[in-house]
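Open your viewer and get ready to select residues. We will go stop by stop.

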Amino acid sequence: MPEHRIGTQEEWQAARDELAKLEAEHAEQNKTIKEKRLALPWVPVEKEYEFATDSGTKTLAELFDGRSQLLAYNIMFGPDYTLGACPGCTGLADGLDGTLVHLNHRDVTLICLSRAPMERLSAYKQRMGWQFSYVSTYGTDFAFDFGLAMTEEQAQQIPEVTEMIDNPPGWLEEWSHQIGAELKDGLRENPSWIAFALEDGTVCHTYTVAAPDPFVAPYFSSLLDRTPKAQPAEPRSWRKDEYPD
């Protein structure tokens, strides 16, 4: 027997109308959240950072590439990952290239960051066929200063992290195998979006959001939210060249 309920067109319309009210409330709440996000204070970045890129070393200001806004996604790909980035983060990154031209024409530069050395990022970018700029924060304090990664000491002080390390569910053990790193190292990376503004020569930190916020999920997840069948609750992910079919 199917798990879904079979009904009449009239029953569907009544249920859809009820859902529409909730969706309208959600949209109105999102409008308020957006206004508060834009109202966050800008914090000048006083520390100097240098990043490895495909075109040489760059400062934070140079990453803006002539624009006034910088939006960066921090992909979970730590120095200890031997087999590549987090498959979930990889799935998100797969959807970014098509947005580049639209963001650039709206004064926004989009990049991705990771703590692994630049040569590993370049190889992984080529493997995945990505076009966006992929920048290494390896050897800098940037990721730690902005909450994009944790030191070993910081991770040990978070009960949720230590519990996942000591008693990992099956999907997390598989994830550890996928990235080629022990959980104590792999879970120190924080999948996050971070935004900066450049005004009058000063770079300001404006916004950060981390998982499990829905924004920190592959773009295809929002499409799956509108399909007829619910997805498995277990957060399994595969890279596009590693699906087990």
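This tour moves from the whole chain to a helix, some aromatic rings and a surface patch.

**Before you start.** This is a predicted model: local features need pLDDT of at least 70, side-chain atom pairs count only at pLDDT 80 or more, and totals for chains, interfaces and linings use all residues. Residues are numbered from 1 along each chain as its sequence is written, and side-chain values use heavy atoms, leaving out hydrogens and water.

**Whole chain.** Show everything as a cartoon. You should find 10 helices and 8 strands. These are DSSP runs, numbered from the N terminus: helices are H or I with at least four residues, strands are E with at least two. The C-alpha atoms fill a box of roughly 65 × 45 × 35 Å along the principal axes. Of the 245 residues, 35% count as buried. Buried means under 20% relative accessible area, exposed means over 50%, and partly exposed is in between (1.4 Å probe, protein chains only).

**Helix α8.** Select residues 170-179. Which residues of this helix are buried? They are Leu172, Trp175, Ser176, Gln178 and Ile179. These residues cover an arc of only 160 degrees around the axis, so they sit on the same side of α8. The arc is taken from the directions from the helix axis to the C-beta atoms. Now add α2 (87-93), α7 (159-166) and α9 (183-186), which are among what covers the buried residues of α8. Just after α8 comes Gly180, with a positive phi near 70 degrees.

**Aromatic rings.** Trp175 also belongs to an aromatic cluster with Phe77, Tyr81, Tyr124, Trp130, Phe132 and Tyr134. Rings of Phe, Tyr and Trp (its six-membered ring) pair if their centres lie within 6.5 Å; planes under 30 degrees apart count as stacked, over 60 as edge-to-face and the rest as tilted. By this rule there are 17 aromatic pairs. Select Tyr49 and Phe51: their ring centres are 6.4 Å apart and their planes at 35 degrees, so this pair is tilted. Next, select Phe132 and Tyr134. This pair is edge-to-face, with 6.2 Å centre to centre and 70 degrees between the planes. Phe132 is buried, at 1% relative accessibility. Tyr134 is buried too, at 1%.

**Last stop.** Select helix α10 (residues 220-224), where Leu224 lies. Is Leu224 buried or partly exposed? Leu224 is partly exposed because its relative accessibility is 32%.

Methods: Contact means heavy atoms within 4.5 Å.
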